[in-house]
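User: I am in my first year and would like a close look at a single part of this structure, the place where two helices meet. Please take me through that part carefully, and then show me how it sits within the rest of the chain.

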Amino acid sequence: MHYGGASVPHLWRNLTALQVAVLAFVNFSFLFANNTDSKVSTTPAEPYHLNLPKNPFDYEGVMVPEYAKQFDLQGTTHEITNRGATLGRVLFYDKRLSVNGSVSCGTCHRQEFAFSDSRSKSIGFNGREGIRNSMSLVNLRFNPTGKFFWDQRATSLEQQVLMPIEDPNEMGHSITGVRKTLSRDPTYLRLFSEAYGDQSISAERIANALTQFLRSMVSFHSKYDVGISMARDVRLPFPNFTDEENLGKTQFFGRGRCAECHLPQLHGNHGDQPQFAVFQLHEPVVNGIDIDEPGRDQGVGMVTGEKRHIGSFRVSSLRNIELTAPYMHDGRFQTLDQVIEHYNWSVKPHPNLDSRLEDFSANGMALPEVEKVALAAFLKTLTDYEFIKDPKFSDPFVRNENVIAGSAPND
Ligand code: HEC
Ligand code: HEC
């Protein structure tokens with residue numbers, strides 16, 4: 001996982017002159033290819049330059065469809081500015097937020113995987129594996145509980161975003177150290193000044209900029225969204241779906257009982273009501289992946305110390321679920337078929353098992369093969385290909401890895 005400074009000299013020693021020439025050519029054409037965009041700096045000796053548009057991307061005008069607006073629980077109370085979210089984007093992808101300059105938020109939350117990673121358990125700055133699966137970051141502003149992490153230990157997004165920086169398994173840094181590093185970089189002085197009117201860099205501003213970026217990450221361009229806007233009623237077949245996807249939708253809302261947890265009634269402006277947009281649990285629950293035994297991750301129970309919470313977990317939105325494998329808090333399932341098989345025959349007894357799954361635990365969900373396959377096909381209609389390609393959420397750093405490796409700040 002380390003972008004090994006140590007291995008670089010060996011690499012160069014073993015290359016022939018021709019290989020070196022080819023590498024140099026590739027490297028320079030890469031720089032020129034990017035020259036059409038405006039950049040903060042282009043000096044090759046610098047560790048990086050930023051590929052930011054002259055006029056910032058539009059983060060303020062987040063497009064939330066009508067059927068989701070009333071559940072936009074944090075979006076309306078937390079201001080997003082184009083300059084603030086731009087700063088957040090740069091911070092999100094800056095490896096100097098980790099103590100040895102090796103990982104950024106974007107290392108474990110990759111756009112191509114809907115801001116999750118493809119490992120069962122993420123690897124931090126020191127090459128060590130953490131204890132849980134990375135969570136996909138999508139529509140966080142709709143989070144009905146306002147709490148974050150699998151065990152909900154962060155009680156706001158502002159609190160959450162600073163925690164990975166100081167986590168000894170993730171980025172291993174300190175906020176004071178990060179502030180010092182950023183204060184020495186003229187690019188950041190300019191970005192902070194553009195976002196907040198002056199150059200001062202504080203923990204609050206770092207958190208605020210990161211949360212502006214995260215709250216702008218909204219995904220409503222899936223096949224499912226096209227379907228709901230055409231049919232207007234989730235119970236009707238969607239005209240843009242295949243027969244298989246429509247059959248899968250019926251399982252999701254019917255026999256599979258998936259919607260009861262993953263698409264819960266939400267408290268909007270007019271009381272609790274059915275909704276078709278926010279695929280996030282109302283509250284953490286036990287879904288029967290483990291029995292209750294010593295040595296198990298106790299999830300929310302560890303945080304609250306309450307028996308009734310043992311084994312319960314929050315889970316990210318099911319939107320883009322096709323891209324966020326592996327699944328569950330410890331990344332134990334590699335495919336959606338395995339997840340469905342869990343609900344089908346393997347729901348385990350647990351004192352806190354959610355009542356909606358008790359029948360499956362006793363008798364199985366027992367979906368026949370065709371319905372099972374259709375359910376997986378339905379889950380894949382939640383993928384938003386615009387979201388994972390949108391340049392405004394992409395990594396703006398063009399790095400010169402050789403310089404970065406040698407000059408990683410170590411505050
Ligand atoms: C080393 C990998 C790693 C890095 C670096 C990392 N994360 Fe995470 N992130 C994770 C993992 C793993 C989880 C789930 C951890 C848990 O629940 O205990 C997570 C959870 C989250 C969540 C909670 C999502 C939810 O729906 O509850 C947010 C938000 C988040 N990360 C944002 C960030 C930000 C912002 C940064 C950079 C400051 C960052 N992460 C850096 C691996 C990482
Ligand atoms: C009782 C509520 C409940 C029901 C019903 C339910 N789930 Fe879940 N689901 C959860 C919880 C809680 C988790 C996270 C568990 C964990 O990681 O420990 C989860 C996790 C998942 C995940 C993995 C998410 C990720 O990011 O890793 C998928 C996919 C999923 N469920 C799909 C389904 C499908 C499909 C159905 C219907 C057959 C279903 N669920 C029914 C509560 C439920």
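Analyst: In this predicted model, the residues of helix 11 that take part in the meeting are Glu-244, Glu-245, Leu-247, Gly-248, Lys-249, Gln-251 and Phe-252, and on the side of helix 16 their partners are Glu-371, Ala-374, Leu-375, Ala-376, Ala-377 and Phe-378. Sorted by class, this contact between helix 11 and helix 16 is made up of 7 nonpolar, 2 polar and 4 charged residues. Helix 11 covers residues 243–253 and helix 16 covers residues 369–379, and their axes, which come within 7 Å, cross at roughly 95 degrees. Because an angle from 65 to 115 degrees counts as roughly perpendicular, helix 11 is roughly perpendicular to helix 16.

From this pair we can step back to the protein chain, whose secondary structure comes to 17 helices and 4 strands. Of the 411 residues in the chain, 40% are buried, and among contacts between residues at least 6 apart in sequence, 67% join residues at least 24 apart.

Two ligands are also part of the picture. Ligand 2 is surrounded by 24 residues, and the closest of them are Gly-256, Cys-258, Cys-261, Tyr-327 and Asp-354. Two elements, helix 12 (258–262) and helix 14 (336–345), give two or more residues to this shell, and helix 12 gives the most, with 4 residues. The shell around ligand 2 divides into 14 nonpolar, 6 polar and 4 charged residues. The loop between helix 13 (300–304) and helix 14 holds Pro-326, which is joined to Ala-325 by a cis peptide bond with omega at about -5 degrees.

Around ligand 1 there are 28 residues, of which Cys-105, Cys-108, Phe-148, Phe-149 and Pro-164 come nearest. Helix 5 (105–108), helix 6 (157–166) and helix 9 (203–216) are the elements that give two or more residues to this shell, with helix 6 giving the most, 4 residues. By class, the shell around ligand 1 has 16 nonpolar, 8 polar and 4 charged residues.

Phe-149 deserves a second look, since this residue lies in the loop between helix 5 and helix 6 and has a phi near 85 degrees, a positive value in a residue other than glycine. Phe-149 counts as partly exposed because 17 C-beta neighbours lie inside 10 Å. Phe-115 is also placed in the loop between helix 5 and helix 6, and its phi, near 60 degrees, is positive in a residue other than glycine. Phe-115, however, is buried, because 28 other C-beta atoms lie within 10 Å.

Helix 9 contains Arg-215, which is buried because 23 other C-beta atoms lie within 10 Å. Leaving aside neighbours within four places in sequence, Arg-215 is in contact with Gln-74, Gly-75, His-78, Ile-80, Leu-140 and Arg-141. Between Arg-215 and Glu-79 there are 9.4 Å in space, C-alpha to C-alpha, although the two are 136 residues apart in sequence.

A last word concerns confidence. The chain averages a pLDDT of 88, and 85% of the residues score at least 70. Over residues 1–44, however, pLDDT stays under 50, and the model has 30 contacts beyond four places in sequence for this stretch. Residues 404–411 also have a pLDDT below 50, with 19 contacts in the model beyond near neighbours in sequence. Where pLDDT is low, the predicted coordinates should not be read in detail.

Technical notes:
Residues numbered from 1 in each chain as written. Chains lettered and ligands numbered in written order. Predicted model: local features only at pLDDT ≥ 70, side-chain atom pairs only at ≥ 80, totals over all residues. Axes fitted to C-alpha atoms, helices over the stretch in contact; angles between N-to-C directions. Parallel < 35°, antiparallel > 145°, perpendicular 65-115°, else oblique. Contact = placed C-beta atoms within 7 Å. Nonpolar A, V, L, I, M, F, W, Y, C, P; charged D, E, K, R; others polar. Near = placed C-beta within 6 Å. Buried ≥ 20, exposed ≤ 12 C-beta atoms within 10 Å, placed from the backbone. pLDDT = per-residue confidence, 0-100.
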